[in-house]
Amino acid sequence: MGEKIWLLPEEGQFYKANLHCHTVLSDGNKTPEEIKEMYQKEGYSVVAYTDHRHYGWHPELMDDTFVPLAAYEVDINEFFKVPGDFSRVKTYHINLYDTNPLKDAEEKAKSILPERRYTDINYINDYLVQMRLKGFFACYNHPYWSLQTYADYKDLREVWAMEIYNYGCEHDGLYGYNPQSYDEMLREGIHLNCVATDDNHNSYPVEDPMCDSFGGFTMIRAKELTYRAIVDALLNGDFYSSMGPEIKALYIEDGKLVVKTSPVEKIFVITEGRSCHKKLAKPGETITEAVFELNGNEGYIRVDARDSKGLHANSNAYFLRSTTPVRKPYRVEGR
(Lines give C-alpha, C1' and ligand atoms only; values in the text may rest on other atoms or scores of the structure.)
Protein backbone atom coordinates (compact mmCIF):
# COMPACT_ATOMS: atom_id res chain seq x y z
CA MET A 1 0.00 0.00 0.00
CA GLY A 2 1.26 3.48 -0.79
CA GLU A 3 1.37 6.53 1.43
CA LYS A 4 -1.95 8.05 2.34
CA ILE A 5 -2.48 11.66 1.30
CA TRP A 6 -4.91 13.05 3.85
CA LEU A 7 -7.32 15.63 2.44
CA LEU A 8 -8.89 16.00 5.87
CA PRO A 9 -6.09 15.67 8.46
CA GLU A 10 -5.75 12.31 10.15
CA GLU A 11 -4.79 13.92 13.46
CA GLY A 12 -6.68 16.42 15.54
CA GLN A 13 -10.29 16.73 16.63
CA PHE A 14 -13.37 17.94 14.80
CA TYR A 15 -14.90 21.10 16.28
CA LYS A 16 -18.39 22.17 15.22
CA ALA A 17 -18.64 25.80 14.10
CA ASN A 18 -21.19 28.36 12.97
CA LEU A 19 -19.27 30.86 10.85
CA HIS A 20 -22.15 33.30 10.20
CA CYS A 21 -24.12 34.70 13.14
CA HIS A 22 -25.97 37.92 14.02
CA THR A 23 -26.70 39.31 17.47
CA VAL A 24 -28.40 42.34 19.00
CA LEU A 25 -25.32 44.31 17.94
CA SER A 26 -26.85 44.40 14.45
CA ASP A 27 -30.18 42.83 13.44
CA GLY A 28 -30.14 39.64 15.53
CA ASN A 29 -32.32 38.96 18.55
CA LYS A 30 -29.83 37.30 20.93
CA THR A 31 -26.91 38.74 22.86
CA PRO A 32 -23.44 37.32 22.22
CA GLU A 33 -23.67 35.60 25.61
CA GLU A 34 -27.01 34.00 24.73
CA ILE A 35 -25.60 32.81 21.40
CA LYS A 36 -22.72 31.09 23.17
CA GLU A 37 -25.07 29.35 25.60
CA MET A 38 -27.55 28.11 22.99
CA TYR A 39 -24.89 26.94 20.54
CA GLN A 40 -22.85 25.12 23.15
CA LYS A 41 -25.98 23.19 24.13
CA GLU A 42 -26.09 21.91 20.54
CA GLY A 43 -22.48 20.77 20.55
CA TYR A 44 -20.80 23.78 18.96
CA SER A 45 -17.32 24.88 20.03
CA VAL A 46 -16.83 27.84 17.66
CA VAL A 47 -19.01 30.78 16.62
CA ALA A 48 -17.95 33.64 14.37
CA TYR A 49 -19.79 36.83 15.40
CA THR A 50 -20.46 38.41 12.01
CA ASP A 51 -22.77 41.30 12.81
CA HIS A 52 -23.59 43.61 9.91
CA ARG A 53 -21.03 46.40 9.55
CA HIS A 54 -20.02 45.91 13.19
CA TYR A 55 -16.66 44.33 14.02
CA GLY A 56 -17.30 41.94 16.89
CA TRP A 57 -14.59 40.65 19.20
CA HIS A 58 -15.83 39.05 22.41
CA PRO A 59 -12.81 37.75 24.35
CA GLU A 60 -14.89 37.52 27.54
CA LEU A 61 -16.70 34.55 25.97
CA MET A 62 -13.54 32.53 25.31
CA ASP A 63 -12.68 29.58 27.53
CA ASP A 64 -11.39 26.02 27.21
CA THR A 65 -14.67 24.91 25.60
CA PHE A 66 -15.51 27.81 23.28
CA VAL A 67 -13.76 30.05 20.74
CA PRO A 68 -15.55 33.23 19.58
CA LEU A 69 -14.06 34.34 16.27
CA ALA A 70 -13.75 38.08 15.75
CA ALA A 71 -15.51 38.99 12.53
CA TYR A 72 -18.12 41.09 10.77
CA GLU A 73 -20.20 41.13 7.60
CA VAL A 74 -19.87 43.92 5.06
CA ASP A 75 -22.12 44.66 2.11
CA ILE A 76 -21.80 46.43 -1.22
CA ASN A 77 -25.22 47.19 -2.67
CA GLU A 78 -26.51 48.36 -6.00
CA PHE A 79 -28.37 51.64 -5.85
CA PHE A 80 -32.11 51.23 -5.49
CA LYS A 81 -34.00 50.59 -8.72
CA VAL A 82 -37.21 51.62 -6.98
CA PRO A 83 -36.71 54.13 -4.12
CA GLY A 84 -36.86 52.38 -0.78
CA ASP A 85 -37.34 48.88 -2.28
CA PHE A 86 -34.44 46.55 -1.40
CA SER A 87 -36.24 43.42 -2.61
CA ARG A 88 -34.62 43.54 -6.08
CA VAL A 89 -31.30 45.14 -5.24
CA LYS A 90 -28.23 43.03 -5.99
CA THR A 91 -25.63 42.95 -3.25
CA TYR A 92 -22.31 41.46 -2.26
CA HIS A 93 -22.33 40.21 1.34
CA ILE A 94 -18.89 39.22 2.59
CA ASN A 95 -17.80 37.93 5.98
CA LEU A 96 -14.42 39.08 7.21
CA TYR A 97 -12.72 36.90 9.84
CA ASP A 98 -9.87 38.28 11.92
CA THR A 99 -6.79 36.08 12.26
CA ASN A 100 -5.40 38.07 15.19
CA PRO A 101 -7.83 40.38 17.03
CA LEU A 102 -5.10 41.50 19.44
CA LYS A 103 -3.22 43.22 16.61
CA ASP A 104 -4.30 46.77 15.68
CA ALA A 105 -7.40 46.32 17.82
CA GLU A 106 -8.24 50.02 17.98
CA GLU A 107 -8.27 50.40 14.19
CA LYS A 108 -10.32 47.23 13.66
CA ALA A 109 -12.90 48.32 16.22
CA LYS A 110 -13.84 51.13 13.81
CA SER A 111 -15.33 48.50 11.45
CA ILE A 112 -13.58 49.37 8.17
CA LEU A 113 -16.30 49.36 5.50
CA PRO A 114 -16.14 49.30 1.69
CA GLU A 115 -17.50 52.05 -0.51
CA ARG A 116 -20.77 51.54 -2.39
CA ARG A 117 -19.17 50.63 -5.73
CA TYR A 118 -21.14 47.56 -6.75
CA THR A 119 -20.14 47.46 -10.42
CA ASP A 120 -16.41 48.01 -9.77
CA ILE A 121 -15.06 44.48 -9.25
CA ASN A 122 -11.48 45.76 -9.26
CA TYR A 123 -12.28 48.02 -6.32
CA ILE A 124 -13.97 45.14 -4.47
CA ASN A 125 -10.94 42.89 -4.95
CA ASP A 126 -8.61 45.72 -3.91
CA TYR A 127 -10.67 46.29 -0.75
CA LEU A 128 -10.38 42.60 0.10
CA VAL A 129 -6.63 42.73 -0.49
CA GLN A 130 -6.35 45.64 1.92
CA MET A 131 -8.38 43.74 4.51
CA ARG A 132 -6.15 40.69 4.05
CA LEU A 133 -3.15 42.91 4.72
CA LYS A 134 -4.86 43.94 7.97
CA GLY A 135 -5.21 40.29 8.99
CA PHE A 136 -8.65 39.29 7.67
CA PHE A 137 -9.76 36.48 5.38
CA ALA A 138 -12.99 36.74 3.42
CA CYS A 139 -16.01 34.53 2.70
CA TYR A 140 -18.44 35.28 -0.12
CA ASN A 141 -21.99 34.73 1.13
CA HIS A 142 -25.34 33.45 -0.23
CA PRO A 143 -25.21 34.32 -3.95
CA TYR A 144 -28.86 33.33 -4.63
CA TRP A 145 -30.27 35.46 -1.80
CA SER A 146 -28.09 38.31 -3.09
CA LEU A 147 -29.77 37.96 -6.53
CA GLN A 148 -26.34 37.49 -8.09
CA THR A 149 -25.46 35.52 -11.19
CA TYR A 150 -22.24 34.13 -12.60
CA ALA A 151 -21.50 37.52 -14.16
CA ASP A 152 -21.44 39.10 -10.69
CA TYR A 153 -19.14 36.68 -8.88
CA LYS A 154 -16.92 35.14 -11.59
CA ASP A 155 -14.21 37.77 -11.15
CA LEU A 156 -13.96 37.66 -7.36
CA ARG A 157 -10.35 36.76 -6.68
CA GLU A 158 -9.67 37.61 -3.04
CA VAL A 159 -11.97 35.22 -1.19
CA TRP A 160 -10.88 32.29 0.98
CA ALA A 161 -14.26 30.53 0.78
CA MET A 162 -17.87 30.87 -0.22
CA GLU A 163 -21.07 29.67 1.40
CA ILE A 164 -22.25 26.51 -0.30
CA TYR A 165 -25.17 26.43 2.15
CA ASN A 166 -26.87 29.13 4.21
CA TYR A 167 -29.60 27.84 6.53
CA GLY A 168 -31.18 31.25 7.07
CA CYS A 169 -31.51 31.78 3.32
CA GLU A 170 -33.07 28.33 2.99
CA HIS A 171 -35.73 29.56 5.41
CA ASP A 172 -36.14 32.80 3.46
CA GLY A 173 -36.95 31.22 0.13
CA LEU A 174 -35.50 27.73 -0.42
CA TYR A 175 -32.41 29.28 -1.97
CA GLY A 176 -29.79 28.47 0.62
CA TYR A 177 -27.93 25.67 -1.19
CA ASN A 178 -25.50 26.95 -3.83
CA PRO A 179 -23.37 24.08 -5.21
CA GLN A 180 -23.65 25.28 -8.80
CA SER A 181 -22.22 28.67 -7.87
CA TYR A 182 -19.32 26.94 -6.13
CA ASP A 183 -18.55 24.81 -9.19
CA GLU A 184 -18.80 27.82 -11.49
CA MET A 185 -16.11 29.58 -9.48
CA LEU A 186 -13.94 26.46 -9.32
CA ARG A 187 -14.21 26.05 -13.09
CA GLU A 188 -12.79 29.55 -13.43
CA GLY A 189 -9.68 28.14 -11.75
CA ILE A 190 -10.36 29.92 -8.46
CA HIS A 191 -8.99 27.90 -5.54
CA LEU A 192 -11.45 28.45 -2.72
CA ASN A 193 -13.16 26.51 0.03
CA CYS A 194 -16.83 26.12 0.90
CA VAL A 195 -18.65 26.48 4.22
CA ALA A 196 -22.15 25.81 5.53
CA THR A 197 -23.55 28.37 7.95
CA ASP A 198 -26.68 29.43 9.81
CA ASP A 199 -26.70 33.20 9.20
CA ASN A 200 -29.00 33.16 12.21
CA HIS A 201 -30.99 36.15 13.44
CA ASN A 202 -33.16 34.21 15.91
CA SER A 203 -36.47 35.94 15.32
CA TYR A 204 -38.15 32.71 16.42
CA PRO A 205 -37.51 30.58 19.53
CA VAL A 206 -35.33 27.49 19.25
CA GLU A 207 -38.28 25.10 19.43
CA ASP A 208 -40.10 26.84 16.54
CA PRO A 209 -39.69 25.23 13.09
CA MET A 210 -38.88 28.71 11.76
CA CYS A 211 -35.81 28.99 13.99
CA ASP A 212 -32.79 29.74 11.80
CA SER A 213 -30.15 28.15 14.06
CA PHE A 214 -28.47 24.73 13.92
CA GLY A 215 -29.10 23.93 10.26
CA GLY A 216 -25.75 24.62 8.57
CA PHE A 217 -22.37 24.06 10.19
CA THR A 218 -18.68 23.64 9.46
CA MET A 219 -16.62 20.85 11.03
CA ILE A 220 -13.07 22.07 11.65
CA ARG A 221 -10.27 19.56 12.18
CA ALA A 222 -7.78 21.25 14.51
CA LYS A 223 -5.04 20.19 16.90
CA GLU A 224 -6.64 22.01 19.81
CA LEU A 225 -9.45 24.39 20.67
CA THR A 226 -7.59 27.68 20.64
CA TYR A 227 -8.10 30.80 18.55
CA ARG A 228 -4.84 30.28 16.66
CA ALA A 229 -5.41 26.58 16.01
CA ILE A 230 -8.94 27.17 14.69
CA VAL A 231 -7.77 29.97 12.40
CA ASP A 232 -4.84 27.89 11.14
CA ALA A 233 -7.18 24.98 10.34
CA LEU A 234 -9.57 27.27 8.47
CA LEU A 235 -6.77 28.84 6.42
CA ASN A 236 -5.37 25.39 5.61
CA GLY A 237 -8.78 24.14 4.47
CA ASP A 238 -8.89 21.47 7.18
CA PHE A 239 -12.68 21.26 7.42
CA TYR A 240 -15.85 20.24 5.67
CA SER A 241 -19.36 21.73 5.61
CA SER A 242 -22.63 20.01 6.42
CA MET A 243 -26.37 20.17 6.93
CA GLY A 244 -26.21 16.96 8.99
CA PRO A 245 -24.11 14.08 7.59
CA GLU A 246 -20.52 13.55 8.73
CA ILE A 247 -17.38 13.06 6.66
CA LYS A 248 -15.24 10.97 8.97
CA ALA A 249 -12.19 10.46 6.74
CA LEU A 250 -11.01 11.62 3.33
CA TYR A 251 -7.72 10.57 1.76
CA ILE A 252 -6.00 9.35 -1.42
CA GLU A 253 -4.03 6.10 -1.45
CA ASP A 254 -2.54 4.39 -4.51
CA GLY A 255 -4.50 6.68 -6.82
CA LYS A 256 -7.79 5.92 -5.09
CA LEU A 257 -9.98 8.37 -3.21
CA VAL A 258 -11.33 6.92 0.04
CA VAL A 259 -14.41 8.52 1.62
CA LYS A 260 -15.79 7.48 5.01
CA THR A 261 -19.03 8.99 6.29
CA SER A 262 -21.91 8.60 8.69
CA PRO A 263 -24.76 6.52 7.16
CA VAL A 264 -25.80 8.15 3.88
CA GLU A 265 -27.65 7.15 0.72
CA LYS A 266 -25.31 8.68 -1.86
CA ILE A 267 -21.64 9.60 -2.12
CA PHE A 268 -20.73 11.66 -5.19
CA VAL A 269 -17.37 13.03 -6.31
CA ILE A 270 -17.94 16.11 -8.45
CA THR A 271 -15.21 17.04 -10.91
CA GLU A 272 -14.26 19.95 -13.15
CA GLY A 273 -16.02 18.33 -16.10
CA ARG A 274 -19.33 16.58 -16.60
CA SER A 275 -18.19 13.20 -15.30
CA CYS A 276 -18.45 12.27 -11.65
CA HIS A 277 -17.69 9.26 -9.50
CA LYS A 278 -20.53 7.92 -7.40
CA LYS A 279 -21.72 5.18 -5.08
CA LEU A 280 -25.37 4.73 -4.10
CA ALA A 281 -27.00 2.58 -1.46
CA LYS A 282 -29.74 0.13 -2.34
CA PRO A 283 -33.29 1.32 -1.54
CA GLY A 284 -33.84 1.33 2.21
CA GLU A 285 -30.15 0.82 2.96
CA THR A 286 -27.22 3.12 3.69
CA ILE A 287 -23.50 3.23 2.99
CA THR A 288 -20.63 4.57 5.10
CA GLU A 289 -17.64 4.19 2.78
CA ALA A 290 -16.71 4.50 -0.87
CA VAL A 291 -13.47 4.01 -2.81
CA PHE A 292 -13.05 5.67 -6.20
CA GLU A 293 -10.30 5.09 -8.74
CA LEU A 294 -9.01 8.48 -9.88
CA ASN A 295 -8.11 8.75 -13.55
CA GLY A 296 -6.00 11.91 -13.32
CA ASN A 297 -8.30 13.90 -15.59
CA GLU A 298 -10.71 15.14 -12.94
CA GLY A 299 -9.21 18.66 -12.71
CA TYR A 300 -10.56 18.99 -9.22
CA ILE A 301 -12.57 16.74 -6.94
CA ARG A 302 -15.03 17.49 -4.19
CA VAL A 303 -17.23 15.13 -2.21
CA ASP A 304 -20.98 15.54 -1.75
CA ALA A 305 -22.60 12.97 0.57
CA ARG A 306 -26.41 12.97 0.92
CA ASP A 307 -28.45 11.19 3.57
CA SER A 308 -32.02 9.86 3.57
CA LYS A 309 -33.37 13.25 4.68
CA GLY A 310 -31.88 14.98 1.64
CA LEU A 311 -29.21 16.67 3.77
CA HIS A 312 -25.73 17.14 2.32
CA ALA A 313 -22.17 17.16 3.57
CA ASN A 314 -19.65 18.80 1.26
CA SER A 315 -15.88 18.65 1.25
CA ASN A 316 -13.73 21.44 -0.02
CA ALA A 317 -12.49 21.17 -3.61
CA TYR A 318 -9.05 19.70 -4.18
CA PHE A 319 -7.33 20.50 -7.45
CA LEU A 320 -5.33 17.60 -8.84
CA ARG A 321 -2.03 17.22 -10.65
CA SER A 322 -2.57 13.74 -12.06
CA THR A 323 -3.90 11.99 -8.95
CA THR A 324 -1.99 14.14 -6.45
CA PRO A 325 -3.89 16.99 -4.77
CA VAL A 326 -2.48 20.50 -5.06
CA ARG A 327 -3.20 22.34 -1.83
CA LYS A 328 -2.95 26.10 -1.63
CA PRO A 329 -3.41 27.25 1.97
CA TYR A 330 -4.79 30.78 2.11
CA ARG A 331 -2.16 33.28 3.19
CA VAL A 332 -2.92 36.30 5.34
CA GLU A 333 -0.06 38.76 5.67
CA GLY A 334 -1.29 40.93 8.52
CA ARG A 335 -1.35 38.28 11.26
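This report walks through a predicted model of one protein chain, from its overall build to a few of its contacts.

## The chain as a whole

Let us start with the broad picture. The secondary structure of this chain adds up to 7 helices and 19 strands. Its radius of gyration is 19 Å, close to the 20 Å that the globule rule gives for 335 residues, so the chain is as compact as a globular protein of that length. Taken along the principal axes, the C-alpha atoms fill a box of roughly 55 × 40 × 40 Å.

How much of the chain counts as buried? Of the 335 residues, 55% do. The surface that the chain exposes comes to about 14,800 Å², and carbon and sulfur atoms supply 48% of that area. Among contacts with a separation of 6 or more, 66% are between residues 24 or more positions apart.

## Strand β3 and its neighbours

A good place to look next is strand β3, which spans residues 46-49. In a regular strand the side chains alternate between the two faces of the sheet. Here both faces are covered: V46 and A48 on one side are buried, and so are V47 and Y49 on the other.

Which strands pair with β3? One of them is β2 (residues 13-18), which pairs with β3 in the parallel sense over 2 bridges. Strand β4 (residues 67-77) also runs parallel to β3, and 4 bridges join the two. You can follow these pairings through V46: this residue is the bridge partner of A17, and V67 in β4 is the bridge partner of V46.

Helix α1 (residues 32-41) belongs to this part of the picture too, with P32, I35, K36, M38 and Y39 buried. The buried residues of α1 pack against β2 and β3. An α-helix has 3.6 residues a turn, so residues three or four places apart point the same way. Just after α1 comes G43, which takes a positive phi of about 90°.

## An open sheet

Elsewhere there is an open sheet of 4 strands, with the order β1-β11-β12-β15 and antiparallel pairing. Strands β1 (5-6) and β15 (287-293) stand at its edges, each with a single partner strand, so one side of each is left without a neighbour in the sheet. The partner of β15 is β12 (residues 256-264), joined to β15 by 6 bridges and running antiparallel. Within that pairing, V258 has V291 in β15 as its bridge partner.

## Aromatic rings

The model holds 20 aromatic pairs. Two of them are set out here.

| Ring pair | Distance between centres | Angle between planes | Type |
|---|---|---|---|
| W160 and F239 | 5.7 Å | 45° | tilted |
| Y165 and Y177 | 6.2 Å | 75° | edge-to-face |

What does the pair of W160 and F239 link? It joins distant parts of the chain, 79 residues apart: W160 is in the loop between α4 (150-153) and β7 (161-166), while F239 is in strand β10 (residues 239-242). Both W160 and F239 are buried. These two rings also belong to a cluster in which ring pairs link Y97, F137, W160 and F239.

In the other pair, the planes of Y165 and Y177 stand at 75°, so the arrangement is edge-to-face. This pair, too, links distant parts of the chain, with Y165 in strand β7 and Y177 in the loop between α5 (167-173) and α6 (179-186), 12 residues apart. Y165 and Y177 are buried as well.

Rings also meet charged side chains. The charged end of K16 sits over the ring of F217, 4.4 Å from the ring centre. Likewise, the charged end of K108 sits over the ring of F136, at 5.5 Å from the centre.

## A closer look at F214

Finally, turn to F214, in the loop between β8 (193-197) and β9 (217-222). Is F214 buried or partly exposed? Buried would require under 20% relative accessible area; F214 has 22% relative accessibility, so this residue counts as partly exposed.

Leaving aside residues up to four places away in sequence, F214 touches M38, Y39, E42, Y44, Y167, D198 and V206. Of these, M38 and Y39 are among the buried residues of helix α1. The C-alpha atoms of F214 and T23 are separated by 15 Å, although the two residues are 191 residues apart along the chain.

Conventions
Residues are numbered from 1 along each chain as its sequence is written. This is a predicted model: local features need pLDDT of at least 70, side-chain atom pairs count only at pLDDT 80 or more; totals for chains, interfaces and linings use all residues. Side-chain values use heavy atoms; hydrogens and water are left out. Buried means under 20% relative accessible area, exposed over 50%, partly exposed in between (1.4 Å probe, protein chains only). Two strands pair if DSSP finds at least two bridges between them. Rings of Phe, Tyr and Trp (its six-membered ring) pair if their centres lie within 6.5 Å; planes under 30 degrees apart count as stacked, over 60 as edge-to-face and the rest as tilted. A charge sits over a ring if NZ of Lys or CZ of Arg is within 6 Å of the ring centre and within 35 degrees of the ring normal. The radius of gyration is taken over C-alpha atoms; the globule rule is 2.2 Å times the number of residues to the power 0.38. Contact means heavy atoms within 4.5 Å. Accessible areas come from the Shrake-Rupley method with a 1.4 Å probe; for residues, only the protein chains shown count as cover.
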